[in-house]
Amino acid sequence: MGSDLKTEAIKRAKVLMVGAGGIGCELLKTLALSGFQDVHIIDMDTIEVSNLNRQFLFRQSHVGQSKAKVARDAVLKFMPQINITPYHANVKDPGFNVDFFKQFNVVLNGLDNLDARRHVNRLCLAAEVPLIESGTTGFLGQVTVHIKGRTECYECQPKPTPKTYPVCTITSTPSKFVHCIVWAKDLLFAKLFGDKKQENDLFVSAGDGSDSVKPTDIFERGSDEDHEQYGRKIYDHVFGYNIEVALANEETWKSRRRPNPIFLKDVLPERLILQNGNLEKNFLTEELPLSAMSSVGPSNPQDVWSLAENSRIFLEALRLFFGRREKEIGNLTFDKDDQLAVEFVTSAANIRASSFGIPLHSLFDAKGIAGNIVHAVATTNAIIAGLIVIEAIKVLQADFQNCRMTYCLEHPARKMLLMPVEPFEANKSCYVCSETPLLLEVNTRASTLRDFVDKIVKTKLGMSLPLIMQGTTLIFEVGDDLEEDVAANYALNLDKVLVELPAPVTSGTMLTVEDLQQELSCHINIKHREEFDEDKEPDKMVLLGWTAPEKESQVVSNGNSTSAAVPAAAEATMKFEEAEVNAEISGMKRKLSEILEATENQEASQILSRPDANNFKNPQELEDDDDDVVVLDNYPETSKKQRQNGTLYMMINPWILLASIIHRRYESVKLAGGWKFHLLICIHGGCIGKLAGGWKFHLLICIHGGCIVSYT
């Protein structure tokens, strides 16, 4: 590993790893092989079959066991001399507090969701421990370094979040398959098998003010109804009657395709309904998970089922839930690893898609969308793990000047697949690391303290155990150490509007919000506002000064799981690693164009500070020090015809090439491979060279073949 000082820094280091999934497995292996002697791992997940294709420390026999503990045992088999301490727990548990984090020299994150990442970021800031973040999605990945007082923190810039959809689109006017998936998963599945007390807008009102049967009457199973009768009733109601009611509102369908109501009798003959599921005895055993596919017939998850097949799967899945898993009814939530749940959601979404003229999808595709699944490129995890260790070694040596944020790209940018960038400075308006006050616009006469706690403090600010004060008056607090009467008193405040609190919150009030576990405190100035746009501002609260997440429809991930993910569907047009969506490339804080621009600006400033800076008329036209050359067959700014014409001109005018070679002597032109190789790639017609000398020389050589000149 190089010098003795570096080796000593590695051996003395006490490292905390958070996450033992896709990146975590590779990272633990790399840490062990790099000489680290004391590693602690936190992960609350257990191993699933779907993990085995990329998390190479796990085997079939480990399914159901703790990831952290099995990863430890696997590494100790080939590196028995090191100390690895596993924690099968949630990183947000109270035991993992600031004092716990202070014992470590560096923290390495391999998480898959925003909530846990924010939590770890705040603990690292409070403990003043360097944090190295990471994430991957397919061929893309990144590693970022966050050091208090030296770089930006993880929350200084917006993070991608799963795309959300308006409720009216989901319930009334779906136009994409993802809309049908969200409807089937978050509305229908939750209504039938989840918490019955939870409000759910599954019922479509007529729109003409006519009275209709209440949804609770429909979804409540009668004591005299068997599974088949109940299944038919639900099918006809959600796919038939609800659509008919929606069609009654003519205004809605003036500019939209009208859906077709679907009733069971029109799809399946009576005999097929009666024999539905008779194959169960041939396929279902106690060892295998319940599956409607096994009972009904379709076996290939990549086949697109017909409407009749989807209807049979729907009825059979409903029957199996109520017949074989009745004890779970009322407490179920959708789980992408629950085969029966995936089958139910796929069939329901396909039936609804058929009604609205949307193309049907296979179980494989539907599972990817419903579970926010992305599929892994294991080598990307290995590359990112290696980069994490490289940055960790720099941090341990206090070599902060050479720390880099590194982006792993799918296609070369500026001739690089690994793009290193100097870490950015802290955002002065970041409420986490700069303690800048926030501004909240809210109707203080209509919004309750509960609204403020749920929508702002917990959701937007990410606080787990909040304490809210108005001046010296404590308005709200949560914690296990509170006395019962005190906790009850705070609970009463939750349903009071802000102006009616013991210390009234009005326009001009400043609230102090703290999280004792994260040791985070921020101030929020209140501004009263009467009206809000329900479509653009559904929370009826607007938080200013807070870096709002950017909406992302692309699914990204890093393949690890340490706490619950955001339960929202995303348009999975790109499928990478299996994991929850809010794993995104963790905190991809800058678009690539911004990264490149920042890098060029840094290089330009370095050049301008040199004694020969006057020779550079344009700070963008800088000489690169390496001799690599990349040939792009389809450079966007050079058409095929231009390249052909340019090549012909070059071939009949060899003086152009000669001029460029002569110019090389006087202007330090760098032609990779010499002039013969330059000639070769120029004949190809799309040469990319590194040629310094200003725009006149650029113009000269561009005549001879559409050559693209790279000034760096």
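Helices (H or I, at least four residues) and strands (E, at least two) are DSSP runs, numbered from the N terminus. This is a predicted model, in which local features need pLDDT of at least 70 and side-chain atom pairs count only at pLDDT 80 or more, while totals for chains, interfaces and linings use all residues. Residues are numbered from 1 along each chain as its sequence is written, and side-chain values use heavy atoms, with hydrogens and water left out.

**Exercise 1. Backbone angles**

Task: Place Glu128 and Lys540 in the chain, and find what sign phi has in each.

Solution. Start with the location: Glu128 sits in the loop between α5 (114–127) and β5 (131–137). Next comes the angle: phi of Glu128 is near 55°, a positive value in a residue other than glycine. Most residues other than glycine have a negative phi. Then check the surface, where buried means under 20% relative accessible area, exposed over 50%, and partly exposed in between (1.4 Å probe, protein chains only). Glu128 has 59% relative accessibility, so Glu128 counts as exposed.

Now repeat the steps for Lys540, found in the loop between β15 (520–528) and β16 (541–544). Phi of Lys540 is near 60°, again positive in a residue other than glycine. With 41% relative accessibility, Lys540 counts as partly exposed.

**Exercise 2. Four annotated cysteines**

Task: Find which residues UniProt lists for "binding site", and work out why they gather at one spot.

Solution. Begin with the record: the unreviewed UniProt entry lists Cys153, Cys156, Cys430 and Cys433 under "binding site". UniProt positions are given in the numbering used here, feature names are shortened, and annotations may be inferred rather than shown by experiment. These cysteines span 281 residues in sequence, yet no two of their C-alpha atoms are more than 8.6 Å apart, so they gather at one spot.

Then look at two of them. Cys153 is in the loop between β6 (140–146) and β7 (160–162), and Cys156 lies in the loop between β6 and β7. Cys153 is buried, with a relative accessible area of 2%; Cys156 is buried too, at 0%.

**Exercise 3. A helix pair**

Task: Describe how α14 and α15 pack, using the angle and the distance between their axes.

Solution. Axes are lines fitted to C-alpha atoms, for helices over the stretch in contact, and angles run from 0 to 180 degrees between N-to-C directions. Helix α14 (residues 307–324) packs on helix α15 (residues 339–355) at an angle of about 140°, with their axes 8 Å apart. That makes α14 oblique to α15, given that angles under 35 degrees count as roughly parallel, over 145 as roughly antiparallel, 65 to 115 as roughly perpendicular and the rest as oblique.

For the contact (heavy atoms within 4.5 Å), residues of α14 including Phe314 and Phe321 meet residues of α15 including Phe344 and Ile351.

**Exercise 4. A strand residue**

Task: Locate Leu439 and find which residues Leu439 touches, not counting residues up to four places away in sequence.

Solution. Leu439 belongs to strand β11 (residues 438–442). Apart from residues up to four places away in sequence, Leu439 touches Asn525, Lys527, Val542, Leu543 and Leu544. The C-alpha atoms of Leu439 and Asn525 are separated by 4.7 Å, although these residues are 86 apart along the chain. At 29% relative accessibility, Leu439 counts as partly exposed.
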